[in-house]
Amino acid sequence: MKSQKFVPEGCLVHPDTYWANVMKGFDFSCPYGDAEEFNFSKLEGVELKAIYVDTFHYDRVYMLGANNKLYVLLHIQECCEDVYLGDIVGDVKDLLNTPILMAEETIIDLEPDEYNESATATFYKLATIKGFVDIRFNGSSNGYYSQKAECFVYDLNKYGSGKDI
């Protein structure tokens, strides 16, 4: 899967510059300091103005809300688990500039390989009036560690980031 960057329509800056401005000053390697964990379903009603699917450095999905909050799906490595962005089905552009009508998380057990005790697929389903998008994270572990992505929200107003975007 290739990294994808989507910025607001009519934005005249390069996607890398846009996202660099959105994310300046945040330490995404350990988000607990600047972010709050949130229930994925709370994205219902939020209007997204930009999305960045990063598969180059980390498997993360960044979603910038019109409310100037940055929503992030990511997995924080603990020890003996492997979690990665498996697939995105649907056109993520359908999520932009219209309220999210459905946001749900579904976890399905998979058959583990010979090296792991547990395997799962976690689907993050989003829908707007324009269409549906399913974001799938695959995970495997010895059964003790989390095998899904965590959901975090950063309030960009609180930290002074994103004001010049």
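This passage describes the strand pairing and the nonpolar cores of a predicted model.

Strands of a sheet pair through backbone hydrogen bonds, in either a parallel or an antiparallel arrangement. In this model, an open sheet is formed by four strands, which follow the order β6-β9-β8-β7 with antiparallel pairing. The edges of the sheet are occupied by β6 and β7 (102-110); each has a single partner strand, so one side of each is left without a neighbour in the sheet. On average, neighbouring strands of this sheet are turned by 20 degrees against each other, direction ignored. The antiparallel strands β7 and β8 are joined by nine bridges, and D109 has T120 in β8 as its bridge partner.

Further pairing involves β10. This strand runs antiparallel to β5, to which six bridges join it; V72 stands opposite F152 of β10. Strand β2 (residues 36-37) also pairs with β10 in the antiparallel sense, over two bridges, and the bridge partner of E36 is V153 in β10. Strand β10 is mostly covered, with five of its six residues buried.

The largest nonpolar core comprises 27 residues, of which L43, L48, I51, M63, L73, L126 and I135 touch the most other members. At least two residues of this core are supplied by each of β3 (48-54), β4 (60-65), β5 (69-74), β6 (81-89), β8 (118-127), β9 (132-141) and β10 (150-155). A second core, separate from this one, has 11 residues, among them Y62, L70, V72 and L74.

Notes
Residues are numbered from 1 along each chain as its sequence is written. This is a predicted model: local features need pLDDT of at least 70, side-chain atom pairs count only at pLDDT 80 or more; totals for chains, interfaces and linings use all residues. Side-chain values use heavy atoms; hydrogens and water are left out. A nonpolar core is a set of buried Ala, Val, Leu, Ile, Met, Phe, Trp, Tyr and Cys residues joined through side-chain atoms within 4.5 Å. Buried means under 20% relative accessible area, exposed over 50%, partly exposed in between (1.4 Å probe, protein chains only). Two strands pair if DSSP finds at least two bridges between them. Axes are lines fitted to C-alpha atoms, for helices over the stretch in contact, and angles run from 0 to 180 degrees between N-to-C directions.
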